[in-house]
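Open the structure in your viewer and keep the selection tool at hand. We will walk from one selection to the next.

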Amino acid sequence: MCGIVGFISPEDNISCKIFATMRDSLIHRGPDDAGIRMFHKADDQQTPTVGLAHRRLSIIDLTQA
């Protein structure tokens, strides 16, 4: 099972380090891959206002089908 975490904050920002910690708290949901995408205000490229992150679990089918 994969895990997804996100935030929306029109006024305050969240650091990438804190957001990565949030994402990595879901490592039990998927240890195979991870990603973060931060979205910024158009007029302020230093302040992320929306963030999405995921942990991915690879499924390996061991059957012959």
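The stops below cover the sheet, then the helix, then the charged pairs. Keep in mind along the way that this is a predicted model.

**Stop 1: the sheet**

Switch to cartoon view and select the strands. In which order do the 3 strands of the open sheet run? The order is β1-β3-β2, and the pairing is antiparallel. β1 and β2 stand at the edges with a single partner strand each, so one side of each has no neighbour in the sheet. On average, neighbouring strands here are turned by 20 degrees against each other, direction ignored. As a general reminder, strands of a sheet pair through backbone hydrogen bonds, either parallel or antiparallel.

**Stop 2: β2 and β3**

Now select residues 33–41, which make up β2, together with residues 44–56, which make up β3. These two strands pair in the antiparallel sense over 9 bridges. Follow the chain from β2 into β3 and you pass through a hairpin of 2 residues. For a look at one bridge, pick Asp33: its partner in β3 is Arg56. Keep that pair in mind, as we return to its side chains later.

**Stop 3: β1 and β3**

Move across to the other edge strand and select residues 3–8, the span of β1. β1 and β3 pair over 6 bridges, again in the antiparallel sense. Zoom in on Val5 and you will find Ala53 of β3 standing opposite.

**Stop 4: the helix**

Select residues 16–24, which form helix α1. Which residues of α1 are buried? They are Phe19, Ala20 and Arg23. Look down the axis of α1: the buried residues fall within an arc of 100 degrees, so they line one face of the helix. Turn to the face pointing away from the buried side, and the exposed residues Lys17 and Thr21 come into view. To see what covers the buried residues of α1, show the strands again: the cover includes β1, β2 and β3.

**Stop 5: a charged network**

Show side chains as sticks. How many salt bridges are there to find? The count comes to 3.

Begin with Arg23 and Asp24, whose side chains meet in a salt bridge at 2.9 Å, N to O. Arg23 counts as buried at 14% relative accessibility, while Asp24 is partly exposed at 34%.

Next, add Arg55 to the selection. Its salt bridge with Asp24 has the closest N and O atoms 3.0 Å apart. Because Arg55 lies in strand β3 and Asp24 in helix α1, this pair ties together parts that are 31 residues apart in sequence. Arg55 is buried, with a relative accessible area of 7%.

**Stop 6: back to the bridged pair**

Finally, return to Asp33 and Arg56. Their side chains also meet in a salt bridge, at 3.8 Å from N to O. Asp33 lies in strand β2 and Arg56 in strand β3, so the pair ties together parts that are 23 residues apart in sequence. Is each of the two buried or partly exposed? Asp33 is partly exposed at 34% relative accessibility, and Arg56 is partly exposed at 35%.

For a last view, select Arg23, Asp24 and Arg55 together: salt bridges that share partners join these three residues into one network.

Key. Residues numbered from 1 in each chain as written. Predicted model: local features only at pLDDT ≥ 70, side-chain atom pairs only at ≥ 80, totals over all residues. Heavy atoms only, no water. Pairing = 2+ DSSP bridges. Helix = DSSP H or I, 4+ residues; strand = E, 2+ residues; numbered from the N terminus. Salt bridge = Lys/Arg side-chain N within 4 Å of Asp/Glu carboxyl O. Buried < 20%, exposed > 50% of the residue type's maximum accessible area, 1.4 Å probe, protein only. Arc of directions from axis to C-beta. Contact = heavy atoms within 4.5 Å. Axes fitted to C-alpha atoms, helices over the stretch in contact; angles between N-to-C directions.
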